[in-house]
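User: I am new to this protein and would love a friendly tour with a close look at one part. Here is what I have in front of me.

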Amino acid sequence: MKFRNIEKKYNNGYSDLMGTNRWLYSFDNYISLYEIKELKDMDEPIKGNELTFFSYPDGKSYTPYELEYGIYYEHIIIIEGIIYFIRADFNIDELYIIKYIPDKNVLSEIVHFDIKYLDLYNIRLAKYPLMLISVDNECIVYYPEKLTIKIDARDSFIVRDGDIFYFNRWIEEGIDENDNLTSDYQYYDNIVKVSKSGEVLSIEKGNLSEMPNGEMWIL
């Protein structure tokens, strides 16, 4: 059995980068941007975190930015071999979308926003194309255009294809008026297709998931 000691490890494991089997990533510590903003608003101390990528199978590590006070990283995606992530600077209340190609040392800012105009709850990058969204009882798109789509509280955004947004919606059936499970209990997902204007185009049973090669599978 072969053991490899990887440099720049944080001793808290790693996360797969969906859509590729080449890159993994890890934070030295993780806390959501929503929680960071709450701490700052209460004058509680904040620190910052550091983000490192690992290439597979060679195990090389790449850290786009060194640790800086008040700067946090959030939500990483890959589109056509290019990595994108969120960089939030709470010293000046600015949020950036960063483009990164680790092994070519390409690091650039795509766009930035004033944090006070963003809902940081469940804020994330999404695709396709590259988008900045936040999802709660509505799906708000901040980039590359401003859209607000009303959704069900059970909906999870999966992917966009042209003007169609795809969500997985969890369904529970067979619960009585006392919240007890009956013999008819079922739990399953529906795939919900919604237009950019908010019209529900279709609902079908299934779960939509992205595979390591970037394909979307209906399961």
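How much accessible surface does the protein have, and what share of it belongs to carbon and sulfur atoms? After that, please look closely at strand β10: how many of its residues are buried, and which strands does β10 pair with?

Analyst: Happy to help. This is a predicted model, in which local features need pLDDT of at least 70 and side-chain atom pairs count only at pLDDT 80 or more, while totals for chains, interfaces and linings use all residues. Residues are numbered from 1 along each chain as its sequence is written, and side-chain values use heavy atoms, with hydrogens and water left out.

Your opening question first. The accessible surface of the protein is about 12500 Å², and carbon and sulfur atoms account for 48% of that. Such areas come from the Shrake-Rupley method with a 1.4 Å probe; for residues, only the protein chains shown count as cover. Of the 219 residues, 43% are buried; that word means under 20% relative accessible area, with exposed being over 50% and partly exposed lying in between (1.4 Å probe, protein chains only).

To place your strand, start with the whole. There are 18 strands and one helix, where both are DSSP runs numbered from the N terminus: helices are H or I over at least four residues, and strands are E over at least two. The C-alpha atoms fill a box of roughly 50 × 50 × 40 Å along the principal axes. Taking contacts (heavy atoms within 4.5 Å) between residues at least 6 apart in sequence, 40% join residues at least 24 apart.

Now to β10, which covers residues 131-135. Five of its five residues are buried, so the strand is mostly covered. M131, I133 and V135 point one way, L132 and S134 point the other way, and all of them are buried.

On one hand, β10 runs antiparallel to β9, with four bridges between them. Two strands count as paired if DSSP finds at least two bridges between them. In this pairing, A126 stands opposite M131, and the hairpin that joins β9 to β10 passes through four residues. On the other hand, β10 also pairs with β11 (residues 138-143), again antiparallel and over four bridges. Here L132 stands opposite Y143, and a hairpin of two residues leads from β10 to β11. In general, strands of a sheet pair through backbone hydrogen bonds, either parallel or antiparallel.

Residues from elsewhere in the chain also meet β10. Y121 lies in the loop between β8 (106-114) and β9 (123-126). With 34% relative accessibility, Y121 is partly exposed. Beyond the residues within four places in sequence, Y121 is in contact with Y34, S134, V135 and D136, and S134 and V135 are both residues of β10. The C-alpha atoms of Y121 and L39 are 14 Å apart, with their places 82 residues apart along the chain.

V135 has another contact to follow. D155, in strand β13 (residues 155-161), touches V135, F167, N168 and R169, setting aside residues up to four places away in sequence. D155 is buried, because its relative accessibility is 7%. Its side chain makes a polar contact with that of R169 at 2.6 Å. A polar contact is a pair of N or O atoms within 3.5 Å; within protein, one must be able to donate a hydrogen and the other to accept it, and residues adjacent in sequence count only if both atoms are side-chain atoms.

Y143, the residue opposite L132, leads on to β8. V111 belongs to strand β8 and, leaving aside neighbours within four places in sequence, is in contact with L95, Y96, I97 and Y143. V111 counts as buried because its relative accessible area is 19%. The C-alpha atoms of V111 and I83, 28 residues apart along the chain, are 15 Å apart.

For a second sheet to look at, turn to the start of the numbering. Four strands make an open, antiparallel sheet in the order β1-β2-β3-β4. β1 (15-16) and β4 (61-62) stand at the edges with a single partner strand each, so one side of each has no neighbour in the sheet. Two bridges pair β3 with β4, and F53 has Y62 as its bridge partner in β4.
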